[in-house]
Amino acid sequence: MTTTTAPPVLDIRQLGACAERKAYVLSAFDALAHGESLIVVNDHLPRGLRAHFEEQRAGLFSWRTLEEGPYTFRVQIERV
């Protein structure tokens, strides 16, 4: 019997500056094992976060948009 665990959800809407949000998500991502993922919830499409991932973790992640607003945006980031 296979058990699947739902990916952790990081709601970053209440965090402060963008730098704080990026550091929080990168830290959580770095704790993932290969094939695991997390879901980020934000109040806007996190384009800056994606660009940061492309700079800092190029080739180590996949990115999938799950929900595109207008008030809630969710993306799934998987460690590949």
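Q: Before anything else, what does contact mean here?
A: Contact means heavy atoms within 4.5 Å. The model is a predicted one.

Q: OK, so which residues does Phe29 touch, leaving aside its neighbours within four places in sequence?
A: Phe29 is in contact with Leu38, Phe53, Arg57, Leu60, Phe61, Ile77, Glu78 and Arg79.

Q: Which residues of the largest nonpolar core touch the most other members?
A: Phe29 is one of them. The others named are Val25, Leu38, Val40, Phe53, Trp63 and Ile77, and the core has 14 residues.

Q: Which elements give two or more residues to this core?
A: Helices H1 and H2 do, along with strands E2 (37–42), E3 and E4 (73–79).

Q: And which one gives the most?
A: H1, with 3 residues.

Q: Why would nonpolar side chains end up together?
A: In soluble globular proteins, nonpolar side chains tend to be buried together.

Q: Changing topic. How many salt bridges does a search of the whole structure find?
A: The search finds 5.

Q: Arg57 came up with Phe29. Which side chain does Arg57 meet in a salt bridge?
A: Asp30, at 2.7 Å from N to O. This pair links distant parts of the chain, 27 residues apart. Asp30 sits in helix H1 (residues 18–30), while Arg57 is in the loop between helix H2 (47–56) and strand E3 (61–68).

Q: Is Arg57 buried or exposed?
A: Arg57 is buried, because its relative accessible area of 17% falls under the 20% cut-off. Asp30 is partly exposed, with 39%.

Q: What lets two such side chains pair at all?
A: Side chains of opposite charge can pair when their charged atoms come close.

Q: Which residue forms a salt bridge with Arg50?
A: Glu54, and the closest N and O atoms are 3.3 Å apart.

Q: Where do Arg50 and Glu54 lie?
A: Both are in helix H2. They are 4 residues apart, which is about one turn of the helix.

Q: What are the relative accessibilities there?
A: Arg50 has a relative accessible area of 34% and Glu54 is at 44%. Arg50 is therefore partly exposed, and Glu54 counts as partly exposed too.

Q: One more pair. What does Glu67 form a salt bridge with?
A: Arg74, with the closest N and O atoms 3.1 Å apart.

Q: How do Glu67 and Arg74 count for accessibility?
A: Glu67 is partly exposed at 29% relative accessibility. Arg74 is partly exposed as well, with a relative accessible area of 29%.

How values were computed. Residues numbered from 1 in each chain as written. Predicted model: local features only at pLDDT ≥ 70, side-chain atom pairs only at ≥ 80, totals over all residues. Heavy atoms only, no water. Salt bridge = Lys/Arg side-chain N within 4 Å of Asp/Glu carboxyl O. Buried < 20%, exposed > 50% of the residue type's maximum accessible area, 1.4 Å probe, protein only. Core = buried A, V, L, I, M, F, W, Y, C linked by side-chain atoms within 4.5 Å.
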